[in-house]
Amino acid sequence: LDVNEFDKNELLPIGPDNIKTSQNILDGGQPAAIADSGQSNDQQNNNNIPGTPGRDGGFDAAANTADSGLHDIENNNNIRDSGNAENINLMDAGTAEEGLTDAGGANTDSWSTPVYLDGPQAPSSYLYERLAIGGLGTLEAVAIHPDGSYGLILERTEIVHVLDFATMQTTRFNVGNYTFNDVRFHPNGHTALLVGYKGGGNNTEGVLLRFDDHAWQHEEQTTTDLFTEVTSVPNATKIQSLRFPTNPNRPAIVLLTGGSSSNHIAYLRTYDINLDTFDYLGATSTGSTEVTDLAITNNEFGEEGVLIVGGHMGATFQYYTEIGGVSEWRNQPGTSNTGNISYVEAHPSGSYALPINWSSGKIYRFETGTMCTPSEALSYNLSNIRSIAFQPNGQRALIFGRTSGSLGSVYEYRHDRFECNSQTCDVSFVPINSFTSAPYQADSNTYLVDAAWRSDCVGGLLIANAPGLIITFQAEGNENCWDGLPQ
């Protein structure tokens with residue numbers, strides 16, 4: 001692949017803007033020599049991951065914002081104030097337009113880097129409840145608005161459900177012939193981005209849709225009012241995933257893929273929601289492996305970088321960053337034997353990321369631009385974990401996956417307690433009991449495919465693919481998130 005054939009656009013900086021300038025990725029330029037991974041680094045289970053391929057199982061954009069979503073509806077103007085995040089020192093930015101969430105405006109000086117505390121020393125106990133919502137197809141992705149008032153739940157194809165937390169009822173929208181991979185809310189809540197592709201077979205085209213929070217909040221609730229397909233999407237066969245930096249003034253990072261089955265190409269671009277424009281970051285060959293997820297995580301100098309992973313067929317990971325203003329791709333830094341990593345999520349601070357190996361049940365740690373070795377990864381006998389979702393304040397994450405016996409596989413990770421002699425002290429098994437019985441009625445091939453935390457309490461939503469299940473969760477001993485659950 002001749003990297004000079006890629007177009008060059010000015011790069012928009014990402015990450016917090018109140019840190020030193022060298023911490024921002026400044027020069028989009030042309031990428032360094034494209035690293036060709038060739039064959040996968042682990043040919044075990046060289047087939048499609050059970051469940052739905054091409055999924056981004058990461059957490060929702062609300063988990064990327066340090067905005068708790070606590071708000072007070074004013075009597076006359078409906079302006080919602082974001083409040084303060086739990087255990088995070090986030091400043092309230094800007095002035096909201098009427099009816100919009102105030103959680104970070106255009107004034108970058110009003111935003112400060114949040115303070116992230118360690119996770120609790122003791123594991124939590126979780127309450128789960130399936131919502132009595134029928135007629136669901138195969139579910140794919142979930143995101144919760146930063147103010148905690150509603151969530152978006154995507155089926156694999158065509159259908160989007162909006163779940164109102166006041167009534168716990170969904171409104172169903174058929175948005176068109178799309179296959180969805182991911183959904184994230186912007187940290188200020190004004191919009192959500194839905195990504196995936198349209199078409200089928202070898203003739204697919206990457207798509208990005210915008211969901212209009214203002215229209216939803218003002219009961220302009222037709223499909224045309226709420227969903228808009230972005231027409232400026234660069235050429236790609238799929239958009240696999242996206243992330244918003246914690247700083248609400250920075251553009252989203254979007255992972256697009258193209259190429260052929262023997263030479264997949266991964267493209268990184270920024271997307272500015274205000275300008276409705278994409279800017280080029282870089283591209284790399286991933287050989288026979290299609291990458292499916294990304295995380296924004298810092299390099300060895302504390303500068304931002306982007307980790308991309310793939311492991312549905314074959315396995316690879318690569319890291320894009322800049323050193324001294326010069327961009328570079330790193331092919332499998334740290335180890336070439338991670339196995340089938342398909343999903344990854346960074347701690348909201350960006351200081352590290354936790355990639356999930358679905359085939360061996362290992363939780364890896366990517367930090368300072370390098371991956372830990374397989375012997376350092378947290379390992380479990382149950383090979384049923386699939387993906388991960390961090391709490392917005394970074395104190396906890398849920399790791400989840402396939403049915404194990406009669407249990408729904410869910411683990412709690414507590415920041416930052418990764419290293420310990422027992423290799424399990426920071427991660428606790430917190431399963432959904434009787435998952436194969438009523439009211440869940442899951443079977444052995446049911447996967448918990450995605451999760452999203454609320455910002456205003458210690459709980460959120462889990463979704464399962466088939467049968468389609470929407471499940472609330474919350475940690476006991478904290479403020480009640482759901483009226484239908486005991487405190």
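This report describes the strands, cores and ring pairs of one protein chain.

The model is predicted, so local features are given only where pLDDT is at least 70 and side-chain atom pairs only at pLDDT 80 or more, while totals for chains, interfaces and linings use all residues. Residues are numbered from 1 along each chain as its sequence is written, and side-chain values use heavy atoms, with hydrogens and water left out.

**The chain as a whole**

The chain contains 2 helices and 31 strands. Both kinds of element are DSSP runs numbered from the N terminus: helices are H or I with at least four residues, and strands are E with at least two. Of the 487 residues, 61% count as buried. Buried means under 20% relative accessible area, exposed means over 50%, and partly exposed lies in between, using a 1.4 Å probe and protein chains only. Contacts, defined as heavy atoms within 4.5 Å, can also be sorted by separation in sequence. Among those between residues at least 6 apart, 57% join residues at least 24 apart.

**The sheet around strand 13**

Strands of a sheet pair through backbone hydrogen bonds, either parallel or antiparallel. Here two strands count as paired if DSSP finds at least two bridges between them. One open sheet has 4 strands in the order 11-12-13-14, with antiparallel pairing. Strand 11 (238-243) and strand 14 are its edge strands, and each pairs on one side only. Neighbouring strands are turned by 25 degrees against each other on average, direction ignored. Such angles are taken between lines fitted to C-alpha atoms (for helices over the stretch in contact), and they run from 0 to 180 degrees between N-to-C directions.

Strands 11 and 12 are joined by 5 bridges, and isoleucine 239 stands opposite leucine 256 in strand 12. Strand 12 (residues 252-259) is joined to strand 13 by 8 bridges, and these two strands form a hairpin with 4 residues between them. Isoleucine 253 has threonine 270 of strand 13 as its bridge partner. On the other side, 9 bridges join strand 13 to strand 14 (residues 277-287), where aspartate 279 is the bridge partner of threonine 270. The hairpin of strands 13 and 14 also has 4 residues between the strands, and in it aspartate 276 takes a positive phi near 55 degrees.

Why is strand 13 (residues 264-272) described as largely enclosed by the rest of the structure? The reason is that 9 of its 9 residues are buried. His264, Ala266, Leu268, Thr270 and Asp272 point one way from the strand, and Ile265, Tyr267, Arg269 and Tyr271 point the other way.

**A second sheet**

Another open sheet has 4 strands in the order 3-31-30-29, again with antiparallel pairing. Its edge strands are strand 3 (126-130) and strand 29 (448-453). The twist averages 25 degrees from one strand to the next. Strand 29 is joined to strand 30 (residues 459-464) by 5 bridges, and aspartate 450 has isoleucine 463 in strand 30 as its bridge partner.

**Nonpolar cores**

A nonpolar core is a set of buried Ala, Val, Leu, Ile, Met, Phe, Trp, Tyr and Cys residues joined through side-chain atoms within 4.5 Å. The largest one has 22 residues, and those with the most contacts inside it include Leu152, Leu154 and Phe227. Strand 7 (169-185) is among the elements that give two or more residues to this core, and it gives the most, with 6 residues. Leucine 154 touches residues including Ile159, Phe180 and Leu194. A second, separate core of 21 residues includes Ala389, Tyr440, Leu448 and Val458.

**Aromatic rings**

A pair of aromatic rings is described by the distance of the centres and the angle of the planes. Rings of Phe, Tyr and Trp (its six-membered ring) pair if their centres lie within 6.5 Å; planes under 30 degrees apart count as stacked, over 60 as edge-to-face and the rest as tilted. The whole structure has 17 aromatic pairs, and two are listed below.

| Pair | Centre distance | Plane angle | Type |
|---|---|---|---|
| Tyrosine 411 and phenylalanine 429 | 4.9 Å | 35 degrees | tilted |
| Phenylalanine 435 and tyrosine 440 | 5.5 Å | 50 degrees | tilted |

Tyrosine 411 lies in strand 27 and phenylalanine 429 in strand 28, 18 residues apart. Tyrosine 411 is buried at 5% relative accessible area, whereas phenylalanine 429 is partly exposed at 35%. Both phenylalanine 435 and tyrosine 440 are buried. Ring pairs also link Tyr150, Phe173, Phe185, Phe211, Trp216 and Phe227 into a cluster.

Note on methods
Lists of a residue's contacts leave out its neighbours within four places in sequence.
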